[in-house]
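Got the viewer open? Turn on the cartoon view, keep the selection tool handy, and we'll walk through this one stop at a time.

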Amino acid sequence: MKVKLVSVLMVLVLFLAACGGGGGNEPAPADNGGDAPAETEGGEEAAAGSGDKRVIRVSNGINDQHPAYEASLRFKELVEEQTDDFEVQVYHSGQIADDRSAIEMLQLGTLEIVVTSSSPLANFLPEYGVFDLPFTISDPAVADELLDGPFGEKMFGLLESQGLVGLAWWENGFRNLTNSVRPVASVEDLNGLKIRTMENEIHLDAWREMGANPTPMAFTELFTAMQQGTVDGQENPYPTIDLSQYAEVQEHISDTNHVYTPFLFLFSKSIWDELSADQQTIIHEAAIEAGLFNRERNREVADESLERLKESMTFTEITDEERARFQEVVQPVIEKHKDSIGAEIVDEYLNTISEITGG
Ligand code: TK8
């Protein structure tokens, strides 16, 4: 707490120094969203006063070891090398806000960008629940084709009504289960396990259907919840599990691969509308290019992370037979949520996937 106060005071002193007491300057661009630490990328420059540049903040929920953060820095580089109009500040670990609150900030026009999982968005647009249907995407190449094609475009089109602009599909990845109680090889092994899920009805129902005891929680609270034993387990892609050091508080990992979560690179519509067409193009293209880098890195890191996790945790491989049982058990979840997501969207999603896979 004391440390925080000191750094807040330091920023204030720097800011006052930069203003030179003369006034008439822009308001402090170092507003990192309240309690965010001052030592973030670009933060120092901002604190020193960067003239008339418009500050664009990127909020990441995961930490600065993750490929999404790396890709956000790539986005910053790409934008800043093409124009002097912006200063991009990249934040991590939910310093600005967790996914759901960050989306609300975009709607209010108090934050420019969030790299968010699709799942919290389903609380704003039920159609986004389509990505939460378990065991529907089995390969990253399928995800790419689905998201980069007309279906992805259609999903982006829905965002406008919520005050959001979808600029690019990035990747969180295939989710896998960890826990601190026992190895999970079968549906029965899940019985009664307290599993943290994202704040998403479909995830909650899927885990209930599989016999676990799920509880929704913001990602920013997850590590502490595992540490204190409030939950027994959680599910996330390998890079998150590895790079967030979950092995410190979790013993077992299974390659459940139960669902693929895209990241959306989202912009606040009210702020977007204030930008010129040229500025929008620069930002849009940078988001897409950084997203391609993000996907590539994420897949490399997922492999490396799995190797590391196999050394720090007990790894259990789910057999094809058993995975088919998981899939069968969660089937009612798809039926149950079809209408609330929108039957048409669900059909289009499933049909597009089977067209891509040739099934
Ligand atoms: C990061 C989240 C996170 C997600 C979750 O902001 O909440 O479990 O997988 O990685 O988007």
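Start by selecting strand β3, residues 113-117. Both of its faces are covered: Ile113, Val115 and Ser117 are buried on one side, and Val114 and Thr116 are buried on the other. Buried here means under 20% relative accessible area, with exposed being over 50% and partly exposed in between, using a 1.4 Å probe and protein chains only. With 5 of its 5 residues buried, β3 is largely enclosed by the rest of the structure.

A word on what you're looking at: this is a predicted model, where local features need pLDDT of at least 70 and side-chain atom pairs count only at pLDDT 80 or more, while totals for chains, interfaces and linings use all residues. Residues are numbered from 1 along each chain as its sequence is written, and side-chain values use heavy atoms, leaving out hydrogens and water. The helix and strand labels follow DSSP runs, numbered from the N terminus: helices are H or I with at least four residues, strands are E with at least two.

**Stop two: one residue in β3**

Pick Thr116, which is found in strand β3. Its relative accessible area is 0%. Which residues does Thr116 touch, leaving aside those up to four places away in sequence? Show Asp99, Ile103, Pro262, Phe263, Leu264 and Leu266 and you have them; contact means heavy atoms within 4.5 Å. Now add Glu171: Thr116 and Glu171 are 55 residues apart in sequence, but their C-alpha atoms are 9.5 Å apart in space.

**Stop three: the strands beside β3**

Select strand β1, residues 54-60, and you'll see that β1 and β3 pair in the parallel sense over 3 bridges. Two strands count as paired if DSSP finds at least two bridges between them. Look for Ser59, which stands opposite Val114 in β3. β1 is also largely enclosed by the rest of the structure, because 6 of its 7 residues are buried.

Then select strand β10, residues 260-268, which pairs with β3 in the antiparallel sense over 5 bridges. Two pairs are worth labelling here: Ser117 has Phe263 as its bridge partner in β10, and Val115 stands opposite Phe265.

**Stop four: the whole sheet**

Zoom out a little. What is the order of the strands in this open sheet? Reading across, 5 strands run β2-β1-β3-β10-β4, with mixed pairing. β2 (86-91) and β4 (164-174) stand at the edges, each with a single partner strand, so one side of each is left without a neighbour in the sheet. From one strand to the next, the twist averages 20°.

For a helix on this sheet, select α3, residues 67-82: it lies across β1, β2, β3, β4 and β10, running at about 175° to β2. Angles like this run from 0 to 180 degrees between N-to-C directions, with axes fitted as lines to C-alpha atoms, for helices over the stretch in contact. Before leaving, look at β1 and β2, which run parallel and are joined by 6 bridges. Val55 stands opposite Glu87 in β2.

**Stop five: a second sheet**

Next, find an open sheet of 6 strands in the order β7-β6-β8-β5-β9-β11, again with mixed pairing. Its edge strands are β7 (213-216) and β11 (314-316), each pairing on one side only. Select strand β9, residues 252-254, to see it pair with β11 in the parallel sense over 3 bridges. Ser254 has Thr316 as its bridge partner in β11. Helix α7 packs on this sheet, touching β5 (176-179), β6 (194-197), β7 and β8 (233-236), and its direction makes about 165° with that of β7.

**Last stop: two helices**

Keep α7 (residues 201-209) selected and add α12 (residues 320-341). They pack at an angle of about 155°, with their axes 8 Å apart. That makes α7 and α12 roughly antiparallel to each other. The label roughly antiparallel applies to angles over 145 degrees, while those under 35 count as roughly parallel, 65 to 115 as roughly perpendicular and the rest as oblique.

Show the side chains where the two helices meet: Glu201, Ile202, Asp205, Ala206 and Glu209 in α7 face Val329, Val330, Pro332, Val333, Lys336, His337 and Ile341 in α12. By class, this contact has 7 nonpolar, 1 polar and 4 charged residues. Ala, Val, Leu, Ile, Met, Phe, Trp, Tyr, Cys and Pro count as nonpolar, Asp, Glu, Lys and Arg as charged, and the others, Gly among them, as polar.

To finish, show everything again: the protein comes to 13 helices and 11 strands, and buried residues make up 54% of its 359 residues.
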